[in-house]
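User: I am new to this structure and should like to learn how to read its features one at a time. Where should a reader begin?

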Amino acid sequence: MQTDISLSAEARKDKLLKELEKKPIGTKELRYKGQMVSLDIHRLDLKLLVFNELNGRIGSHIQTHVRQYGQISEEVRQVLIQRFLWDSNEARNKKTLKNLEAKGQLEPGIITRDGVIIDGNRRAMLLNKLASNANESEAYFKAIVLPDVLESNKKEILRLETEYQIGADEKVQYGPIEKYLKCRDMSAYFTTAEIAEMMALKTPEIEKYLGIMELIDDYLKTIGCEGLYTRLEKTEDLFINLYNALRMWEKGTGKLKWNPSASDKDDYRLVCFDYIRYTYNHKNSINPKDIRESLICNSQNGIFSHERVWENFRDQHFEDFDEQSEESLEMLAKESVDQNVGLDKIAKRRDFDWAEKAHSRIQKNWGKARENVANRINAQEPAKLLQQVEDKLETLLELDYSGKVLPGFLEQANRIRKKAEELRNNAREGMSA
Amino acid sequence: MTLRVELIDGSIYLSPASLIEANRRLKFQILGSRFGGEKIDGCTKILLSKQWENQSDCLLALRELFEKHKLAYDFDDSANPTVQEYLSEREDYEQRVHLAQNVWSGTIESEEFIEFVSVIEANFSRRLYRLQLLAGFHMAWSLHACNFSVPGAGKSSIVLASYSYHKSASNGVLKSSPLLIIVGPLSSFASWDNEWEGCFGSPGNLKRISGVSKSERDEFFENVLVRGVSALPEAILMHYQTMMTELERLKSLCLVSDVMLVIDEAHYIKNTDDGMWAQAALDLAPFAKSRVLLTGTPAPNGYRDLYNLFKFLWPKENIIKYHPGQLEEMSRFQFDERRQDVQEAISRWYVRISKKHILPQEDYPIREYREIVPLSSAHEEIYLKIKNWERKVCTRQMMQTIAHRSLSQK
């Protein structure tokens, strides 16, 4: 945003208020604070407006930057957001840019009375870009002006923003991680049921989003990448699986063969986090599909399903991975030759290094555990088959075939008897051996 | 170095933080969402910010974690009483596990048993046979027990023997006049009256609070809750529904006197899917000093039926280590190795006297006599109709099976 930095925040707001005293270019009705209200539309100089950091994805991007470089000026802040909004969906932005160039801004955005853009951050960025490309010093944004400032009514403004995001077809829909971030931000102000209503989803879905977000935050904290959500591209699936499995076990409806304690489940989460980190950061890692089938799953084939298999696997894992700390990202950034390299890239490099070191140990323990699970399942197979045979014989007996003439019945019954005797003799020999 | 646990103004602090930081698993758990640990005071201490519904649960979870990781720890004076209370409960549990196991496996022929027998002989008009005495001793000493004996084995007498022992024992766990609360079907009340008279030789002061008017019930509760022990009967009889509707007043009653809570026909509380009677029994259980379950059919539908029974018996202990879904699964599969686990875990807490115990074959050998009785005309008509109908159905099913098999072979 080409926010006028020659003005202090207060002066910018004062100037904006004066602008708002001018005659509006129109009005529009929208639902605000539970009722339909008619609000003025103004055409405003973008220098008087700022991007909305209340928006989860924008906010977390700024936090990451602050973490690396310390506090940053308002100007840098706005430039960073401008760049982030462009990079976050370049293809879509290029398309919208062409539209804006050809037709201008058709739909007004929404701003607070102190100039924070609630709806239309992306369009504002594009209008800025158009002006800059055309070497124009001023860019204008048509916006509905809310009667409140952001700080005084965060809750209502968050509601409005969400409903607008969900209701509009033209908007860029929430990305995989963004929807979780959004829910988390909303949960500070709204109940799960209220969020569900605003996002046009069912309450359990929101509970799920919040649960997944908690896992994601926990994961990033564990690998020393708090707030670096960009490290999670294309990793959503395993977090969903992990959430689903933990949830099932919490409800007692899972397929585990034992009943793990809360502390066992914490151990499990930590092991899963290591495997997620490894899987997405090593070129010859385990296929995520295998992880979904054998570790992060609610299945009888899962390593965690069998208490002893799990304990051996866990103990070996923590023996292999007992290192306490890696060098922090900030430290690595200071040591970096290229002082402009972002934390995201440093984190990525550190993850790759970690995965490379982990590779052989993980492969060894993983193979062993999978073999142990297979052995356990195979060991149960004869007993299962025997049970099925017995159940089927029971059914036949209940039908009472005795005395009926069925072609080949007696011969078949005899063959079954002989096989049953053979099985019994084998079992006896096995016991005496 | 020792990890110190402090309770200051309702918040739990751990120090030094470096001890937690040195263990990757511990660090993950303490700083994770379960405890919400935050480093404070220049990272020297950890404050647990997660609010637990019950702070003692948090302290005990910490203790379990430190034990698991073999970490030296010390709960300071503020946190220690909670932990000590738990430890003494735990010790009591361990002792009773040991006792219950030994009594029923017959390895105790102790002074305690001899004392138990002498107390029963002094107070009882009815003579109990050895197995009943042993079962009564098991119930009295394990404090919380099930009796899964067959009808006619004398379950009620065994309960009354155990009650009588608690009432008379000089150094018993229960107060010298414990209150017996019996929850059962209405039809069982008369039988309890009779059993009482049969065992003690005279009618007891047994108060029924089911099948009476609400005002009578209100008056009873007001009386005992105001006047205390002196207004208590020897026993209270009620239906499961009354236990549910009067749950809060019953909890208060448990504060007036030590209560021996007996659930007769305990299979009525086996429903794990929102069974309201079952939930009431589970809610009331922790308030009773002694808990007893009586039923001849503890698990008619499989292992799942046992879940509530043992949750009632020891509410804080995880006796059956599996959840209801897993118990159901193991009922379906007879080779499930977890069955052994469950059977072993519960074996010390129940007694089952079967028919062969009551009438040992060597003393009462079974002799079989057969007499052919012709069917009456109405019986015969019904019998033949069913038989013909069965034959038709079976023949049709057989034909279908054969047709299906020959088709699939082709």
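Analyst: A reader may begin with the domains. Chain A is divided into four parts: domain 1 spans 1–165, domain 2 spans 174–222, domain 3 spans 228–395 and domain 4 spans 401–433. Please bear in mind throughout that this is a predicted model.

User: What distance separates the centres of domain 3 and domain 4 of chain A?

Analyst: Taken over C-alpha atoms, the centres of these two domains of chain A are separated by 45 Å.

User: Which domains does the assignment give for chain B?

Analyst: For chain B the assignment gives domain 1 (3–78) and domain 2 (96–358). The C-alpha centres of these two domains of chain B lie 39 Å apart.

User: Let us turn to the strands. How should one read the sheet in chain A, and in which order do its strands lie?

Analyst: The general idea concerns side chains: in a regular strand they alternate between the two faces of the sheet. In chain A, five strands form an open sheet with mixed pairing, in the order S1-S2-S5-S3-S4. The edges are taken by strand S1 (26–32) and strand S4 (117–119) of chain A; each has a single partner strand, so one side of each is left without a neighbour in the sheet. Direction ignored, neighbouring strands of this sheet are turned by 45° against each other on average.

User: How many bridges pair strand S2 with strand S5 of chain A?

Analyst: Strand S2 (residues 35–45) and strand S5 (residues 140–145) of chain A pair over five bridges, in the antiparallel sense. One residue pair can be located directly: Leu44(A) has Phe141(A) in S5(A) as its bridge partner.

User: In what order do the strands of the sheet in chain B lie?

Analyst: The open sheet of chain B is formed by five strands in the order S3-S4-S2-S1-S5, and the pairing is mixed. Its edge strands are strand S3 (37–40) and strand S5 (73–75) of chain B, each of which pairs on one side only. From one strand to the next, the twist averages 25°.

User: Which pairings within the sheet of chain B may serve as examples?

Analyst: Consider strand S1 (residues 3–8) and strand S2 (residues 11–15) of chain B, which run antiparallel and are joined by five bridges. Here Glu6(B) stands opposite Tyr13(B) in S2(B). Another antiparallel pairing joins S3(B) to strand S4 (residues 45–48) of chain B through four bridges. In that pairing, Ile40(B) has Lys45(B) in S4(B) as its bridge partner. S3(B) and S4(B) form a hairpin with four residues between them, and Asp41(B) in the turn has a positive phi of about 50°.

User: How does one describe two helices that pack together?

Analyst: Two packed helices are described by the angle between their axes and the distance between the axes. In chain A, the axes of helix H3 (residues 74–88) and helix H5 (residues 121–133) come within 10 Å and cross at roughly 105°. Angles of 65 to 115 degrees count as roughly perpendicular, and the crossing therefore makes H3(A) roughly perpendicular to H5(A). H3(A) contributes Gln82(A), Leu85(A) and Trp86(A) to the contact, while H5(A) contributes Asn121(A), Arg122(A), Met125(A) and Asn128(A). By class, the residues of this contact of H3(A) with H5(A) are three nonpolar, three polar and one charged.

User: At what angle do helix H5 and helix H7 of chain B cross?

Analyst: Helix H5 (residues 111–123) and helix H7 (residues 155–168) of chain B cross at roughly 100°, and their axes come within 9 Å. That makes H5(B) roughly perpendicular to H7(B). In this contact, Phe116(B), Val119(B), Ile120(B) and Asn123(B) of H5(B) meet Ala161(B), Ser164(B), Tyr165(B) and Ser168(B) of H7(B). The residues of the contact of H5(B) with H7(B) comprise five nonpolar, three polar and no charged.

User: Is Asn194(B) buried or exposed?

Analyst: Asn194(B), which lies in helix H8 (residues 189–200) of chain B, is exposed, because 12 other C-beta atoms lie within 10 Å and a residue with 12 or fewer counts as exposed.

User: Finally, how many residues of each chain are in contact where chain A touches chain B?

Analyst: In this case 22 residues of chain A are in contact with 27 residues of chain B. On the side of chain A that touches chain B, the elements giving two or more residues are helix H9 (203–222), helix H11 (262–279) and helix H15 (343–399) of chain A. H11(A) gives the most to that side, with five residues. By class, the side of chain A that touches chain B has seven nonpolar, seven polar and eight charged residues.

How values were computed: Residues numbered from 1 in each chain as written. Chains lettered and ligands numbered in written order. Predicted model: local features only at pLDDT ≥ 70, side-chain atom pairs only at ≥ 80, totals over all residues. Contact = placed C-beta atoms within 7 Å. Nonpolar A, V, L, I, M, F, W, Y, C, P; charged D, E, K, R; others polar. Pairing = 2+ DSSP bridges. Axes fitted to C-alpha atoms, helices over the stretch in contact; angles between N-to-C directions. Parallel < 35°, antiparallel > 145°, perpendicular 65-115°, else oblique. Buried ≥ 20, exposed ≤ 12 C-beta atoms within 10 Å, placed from the backbone. Domains from an automatic or database assignment.
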